Amino acid sequence: MSHDSTVTADFAGRKLSGRRRKEIVAVLLFSGGPIFESSIPLSVFGIDRQDAGVPRYRLLVSAGEDGPLRTTGGLELTAPQGLEALARAGTVVVPAWRSITSPPPAAALDALRRAHEEGARIVGLCTGAFVLAAAGLLDGRPATTHWMYAPTLAKRYPSVHVDPRELFVDDGDVLTSAGTAAGIDLCLHIVRTDHGSEAAGALARRLVVPPRRAGGQERYLDRSLPEEIGADPLAEVVAWALEHLHEQFDVETLAARAYMSRRTFDRRFRSLTGSAPLQWLITQRVLQAQRLLETSDYSVDEVAGRCGFRSPVALRGHFRRQLGSSPAAYRAAYRARRPQSEQRPEPVQPAQPVQVFDGPLPPQLRRTPQGIGAHHGDPGRGGPEAYLQGRTALPGQRERPVG
């Protein structure tokens, strides 16, 4: 459920001190940061699109350390501003941090703390959440990051309530997003918060992306274990669970295998993976169901049994909650998207006599820019019309709860 109006009112009520202005957005760059994540806020907040109905922001690009800043592919960047630029910003965005194992520069952390104390909104994209956590800005707050790094964030900063399922989390004055493209989702959300859905929709059409994406990160997870779990005693239990998803077992079974009480197991498991064990187990079963739906011809009832669900009804409920569709609809959509070369071959049809037309070609054979027989409005094809004004999408992100 969306709570845009509540979040807007909450942030609008924060008082910016000193020279800070709401319309000024500072993007804090570091050496070693990936260029894609760094370019997202630069594109969203740094290009004048007033002709499309998008209110203009004033962008300040700030270096968080001495330059030149090296990024993806060995490119070197020179930021026009230093940390002093953060003193004027109403919003400070930290794109992906270069390494989840190295501490950010102390001067940059001090600047972020000062900006937050003076009323600025602080945003971390992808592993930028690690910078916010190092500054203490996520203590006691909900947050997210790329699902691959969520366990590390939860383990390193246990006071942060890490939720690896969300595309982004809005906690009012501190916001975080999942990996890469989820940074676009969060930046669009900020525009929507500041200027309304119409402005965010206009910007989304310019970027040729959905105004809102349904679902969360669950559909992108894999079964690989977190990097830091290998040496932990729970690693064997987690590996056993992944190998026996086809069996019906519960969290109590896992706790018993770990020789722990349920409470101790829950606490240790959450600190290690960033998720509650029950939610993790359900997510893994749904992921296994996805794979079987994609790669096999098992019925939905058979898939449920092979993924450890007690009934097809349980599978359908969890599948819809996590992925926003039924198992049958997911399979149909997946197969429709598969390349033609991967589809099952059609039966060979007898040769038909060649038809010769001495008049205008019928519509199904006319050549268009999209190909022979293509036309706008074909429900089986996607295209730019999917982003035209009036198309709606379902919210799939966590925003600050009411109250």
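The exercises below, each with a worked solution, concern a predicted model of a protein chain.

**Exercise 1. The chain as a whole**

Task: State how many helices and strands the protein chain has, and what share of its residues is buried.

Solution. Step 1: The secondary structure comes to 14 helices and twelve strands. Step 2: The protein chain has 403 residues, and buried residues make up 46% of them. Step 3: The accessible surface comes to about 20,600 Å². Carbon and sulfur atoms account for 53% of that surface. Step 4: Take the contacts with a separation of 6 or more; residues 24 or more positions apart account for 67% of these.

**Exercise 2. The order of the strands**

Task: Find the order of the six strands in the open sheet that contains β1, and say which strands stand at the edges.

Solution. Step 1: The order is β2-β1-β5-β6-β10-β9, and the pairing is mixed. Step 2: β2 and β9 (168–170) stand at the edges; each has a single partner strand, so one side of each is left without a neighbour in the sheet. Step 3: From one strand to the next, the twist averages 20°. Step 4: Helix α6 (residues 182–195) packs on this sheet and touches β1, β6 (121–124), β9 and β10 (174–177). The direction of α6 makes about 145° with that of β10.

**Exercise 3. The partners of β1**

Task: Describe how β1 pairs with β5 and with β2, and give bridge partners for residues of β1.

Solution. Step 1: Strand β1 covers residues 21–29 and strand β5 covers residues 89–94; they pair in the parallel sense over four bridges. Step 2: On the β5 side, Val25 has Thr91 as its bridge partner, and Ala26 has Val92. Step 3: With strand β2 (residues 58–63), β1 pairs in the parallel sense over six bridges. Ile24 has its bridge partner Arg58 in β2. Step 4: Helix α2 (residues 35–46) joins β1 and β2 in a β-α-β unit, and this unit is right-handed.

**Exercise 4. The partners of β10**

Task: In which sense, parallel or antiparallel, does β10 pair with β6, and in which sense, parallel or antiparallel, with β9?

Solution. Step 1: β6 and β10 pair in the parallel sense over three bridges. Ile122 is matched with Val174 in β10. Step 2: β9 and β10 pair in the antiparallel sense, over three bridges. Val169 is matched with Thr176 in β10. Step 3: β9 and β10 form a hairpin with three residues between them. In the turn, Gly172 has a positive phi of about 90°. Step 4: Side chains of β10 point two ways: Val174 and Thr176 point one way, Leu175 and Ser177 the other, and all are buried.

**Exercise 5. Two loop residues**

Task: Locate Ala258 and Phe249, and decide whether each is buried or exposed.

Solution. Step 1: Ala258 lies in the loop between α9 (251–257) and α10 (262–273). Step 2: The relative accessible area of Ala258 is 15%. The cut-off for buried is under 20%, so Ala258 is buried. Step 3: Beyond its neighbours within four places in sequence, Ala258 is in contact with Leu234, Val237 and Phe265. Step 4: Pro233 is 25 residues from Ala258 in sequence, and their C-alpha atoms are 7.9 Å apart in space.

Step 5: Phe249 sits in the loop between α8 (235–243) and α9. Its relative accessibility is 8%, so Phe249 counts as buried. Step 6: Not counting residues up to four places away in sequence, Phe249 touches Trp240, Ala241, His244, Leu254, Leu281 and Arg285. Step 7: Phe249 and Gly308 are 59 residues apart along the chain, with 7.5 Å between their C-alpha atoms.

**Exercise 6. Cysteines**

Task: State how many disulfides the whole structure has, and decide whether Cys126 and Cys187 are buried or exposed.

Solution. Step 1: A disulfide is a covalent bond between the sulfur atoms of two cysteines. Step 2: A search of the whole structure finds zero disulfides. Step 3: Cys126 has a relative accessible area of 5%, so Cys126 is buried. Step 4: Cys187 has a relative accessibility of 1%, so Cys187 counts as buried.

Conventions
Residues are numbered from 1 along each chain as its sequence is written. This is a predicted model: local features need pLDDT of at least 70, side-chain atom pairs count only at pLDDT 80 or more; totals for chains, interfaces and linings use all residues. Side-chain values use heavy atoms; hydrogens and water are left out. Helices (H or I, at least four residues) and strands (E, at least two) are DSSP runs, numbered from the N terminus. Buried means under 20% relative accessible area, exposed over 50%, partly exposed in between (1.4 Å probe, protein chains only). Contact means heavy atoms within 4.5 Å. A disulfide is a pair of cysteine sulfur atoms within 2.5 Å. Two strands pair if DSSP finds at least two bridges between them. A crossover is right-handed if, with the strands pointing away from the viewer, the path from the first strand over the helix to the second runs clockwise. Axes are lines fitted to C-alpha atoms, for helices over the stretch in contact, and angles run from 0 to 180 degrees between N-to-C directions. Accessible areas come from the Shrake-Rupley method with a 1.4 Å probe; for residues, only the protein chains shown count as cover.
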